[in-house]
Amino acid sequence: MKDYAASPALAASAELSGAGRTAGEGDALARLRRGETAIWRRPVPAWDALTLADVAEARARFRRFAPVLRRLFPQSGWDGSVASPLLDYPAAADLPRLLVKADHALPMTGSIKARGGVHELLCQVERIAAAEGIVLDGDDPYAALANDAARERLGRHSIVVASTGNLGFSIGLVARAFGLGAEIHMSHDAKAWKKERLRRLGARVVEHAADFTETVERARAAAAAQPNAYFVDDETSRELMLGYAAAAQELAEQLAGRGVETGPRRPLFVYLPCGVGGAPGGVTFGLKHLFGRDAVCVFVEPTASAAMFVALGQEHPVPRHVAEFGLDNRTIADGLAVPRASPLALAVVGRLVDAVVAVGDDALLHWVRRAWNEAGLRLEPAAAAGFAAVQPWLQALARDDGAAPVHPHWRDATHVVWTTGGSLLPDEEFQALLD
Ligand SMILES: *Cc1c(COP(=O)(O)O)cnc(C)c1O
């Protein structure tokens with residue numbers, strides 16, 4: 001048997017047992033060694049965890065709001081549901097058969113933010129309604145939110161958000177439609193047309209010569225200094241992520257409706273453009289709960305902004321042997337006498353992301369043009385990222401075949417490219433991308 005006492009890994013155990021750490025951690029380890037009751041506490045509370053019940057509630061919330069959203073955003077043929085079609089991408093010799101989850105065409109905001117950002121906004125509208133005594137009952141309870149008296153009361157409140165463009169655009173648009181104040185902090189990335197459109201709607205647009213992370217800090221501080229202001233925090237919000245997670249069930253129903261089965265012999269590969277990770281993370285949470293490991297979730301980032309790539313690349317959640325910590329794995333509870341946690345369990349709860357593909361801007365632009373020319377899809381560069389990942393990813397799997405298969409039946413996968421925004425791009429903006 002390996003002599004753990006002599007193993008270099010013990011250096012880590014010295015660290016955990018007290019030196020340089022909090023007294024609490026050292027104490028806990030000492031208690032374990034004495035066989036006493038001990039407690040490990042998560043440094044960041046697990047209070048943030050998402051549950052399936054939360055996801056079901058998010059779907060129900062979207063349903064409750066559908067009639068009022070339809071009234072606020074009249075669009076012919078729209079029933080008020082925040083849902084996008086699942087389309088066939090035309091067959092191409094260099095690609096597997098692709099399906100497109102067309103969130104670029106989502107109603108109201110033309111981007112995937114209509115799910116996450118708008119969901120959190122709807123949560124806040126419900127909270128304000130309760131606080132302001134706006135009564136929501138009758139046949140169409142939420143209709144009350146669109147009347148003048150309710151709007152006047154909603155107008156006493158505002159939403160503050162930081163964005164690179166789409167989140168602020170989406171939240172500003174919908175907040176103003178409800179009569180809420182909107183203060184949108186834009187990082188230097190934001191496009192002029194989004195800011196102009198928001199200003200026309202009566203939103204306050206605050207421009208920062210700063211990146212997104214810095215803009216979030218400034219917006220958070222600005223919100224804290226105002227009465228009745230609610231800050232939508234793209235970096236930490238559960239409600240935001242839950243809105244995205246609700247999309248998984250929608251996709252599952254659409255696949256089932258087409259007779260596309262997902263299972264051990266037919267995995268589902270989903271290509272998800274990733275910024276901070278809320279949108280692809282929420283969708284991944286939902287898909288993994290529906291399909292388990294038969295859903296393979298590939299995040300796609302621009303090489304220059306590969307934030308998730310570098311974060312996951314840093315992570316080494318290696319299961320540790322208790323002997324490394326001076327524990328002997330001898331217990332009366334023989335069924336529990338395991339010295340090391342399951343790597344799979346760690347992988348499933350800690351690492352739902354199967355892969356991150358980072359692609360260059362040239363590939364994004366290429367796919368904006370190709371998706372338009374081949375399929376008439378009006379995508380912004382971010383939204384085309386999924387397409388750009390398919391070939392490099394499948395080529396990597398083919399080279400790697402047998403070594404570390406992501407799924408034993410990856411060659412028979414259904415491929416879904418999630419297109420995340422662009423249908424509202426003004427003509428001249430879109431044309432400039434095509435030229
Ligand atoms: C916001 C956004 C994403 C990614 O969402 P994150 O939550 O930031 O990861 C992808 N594509 C488009 C077009 C977006 O607007």
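Which strands does helix H15 lie across, and at about what angle to S7 does the helix run? In this predicted model, helix H15, formed by residues 385-399, lies across S2, strand S7 (268-273), strand S8 (295-302), S9 and strand S10 (414-419), and its direction is at about 130° to that of S7. The sheet to which these strands belong is an open one of six strands, arranged in the order S1-S2-S10-S7-S8-S9 with mixed pairing. Strand S1 (86-88) and strand S9 (355-359) occupy the edges, and because each has a single partner strand, one side of each is left without a neighbour in the sheet. From one strand to the next, the twist of this six-stranded sheet averages 25°. At the S1 edge, the pairing between S1 and strand S2 (residues 98-102) is antiparallel and extends over three bridges, with Leu86 having Lys101 in S2 as its bridge partner.

A second open sheet consists of four strands in the order S5-S4-S3-S6, and here the pairing is parallel. Its edges are formed by strand S5 (204-207) and strand S6 (229-232), each of which pairs on one side only, and the twist averages 20° from one strand to the next. Strand S3 (residues 158-163) runs parallel to S6 and is joined to S6 by four bridges; Val160 stands opposite Phe231 in S6. Helix H4, comprising residues 116-131, packs on this sheet through contacts with S3 and S6, its direction making about 155° with that of S6. Helix H6 lies across S3, S4 and S6, and runs at about 165° to S3.

The ligand is surrounded by 14 residues, of which the closest are Lys113, Asn166, Gly275, Gly277 and Thr420. Two oxygen contacts can be described: a polar side-chain atom of Asn166 lies 2.7 Å from an oxygen atom of the ligand, while Val276 places a backbone N or O atom 3.0 Å from an oxygen atom of the ligand. On the side of the ligand nitrogen chemistry, a polar side-chain atom of Thr420 is found 2.7 Å from a nitrogen atom of the ligand. The ligand taken alone exposes 380 Å², and 91% of that is buried by the protein.Aromatic pairing was also examined, and the count comes to seven aromatic pairs. One of these is formed by Phe65 and Phe178, whose rings are arranged edge-to-face, with 6.1 Å from centre to centre and 90° between the planes. This pair links distant parts of the chain, since Phe65 belongs to helix H3 (residues 52-72), whereas Phe178 is located in the loop between helix H6 (166-177) and strand S4 (181-186), the two residues being 113 residues apart.

Definitions and conventions: Residues are numbered from 1 along each chain as its sequence is written. This is a predicted model: local features need pLDDT of at least 70, side-chain atom pairs count only at pLDDT 80 or more; totals for chains, interfaces and linings use all residues. Side-chain values use heavy atoms; hydrogens and water are left out. Two strands pair if DSSP finds at least two bridges between them. Axes are lines fitted to C-alpha atoms, for helices over the stretch in contact, and angles run from 0 to 180 degrees between N-to-C directions. Contact means heavy atoms within 4.5 Å. A residue is near a molecule or strand if one of its heavy atoms lies within 4 Å of it. A polar contact is a pair of N or O atoms within 3.5 Å; within protein, one must be able to donate a hydrogen and the other to accept it, and residues adjacent in sequence count only if both atoms are side-chain atoms. Accessible areas come from the Shrake-Rupley method with a 1.4 Å probe; for residues, only the protein chains shown count as cover. Rings of Phe, Tyr and Trp (its six-membered ring) pair if their centres lie within 6.5 Å; planes under 30 degrees apart count as stacked, over 60 as edge-to-face and the rest as tilted.
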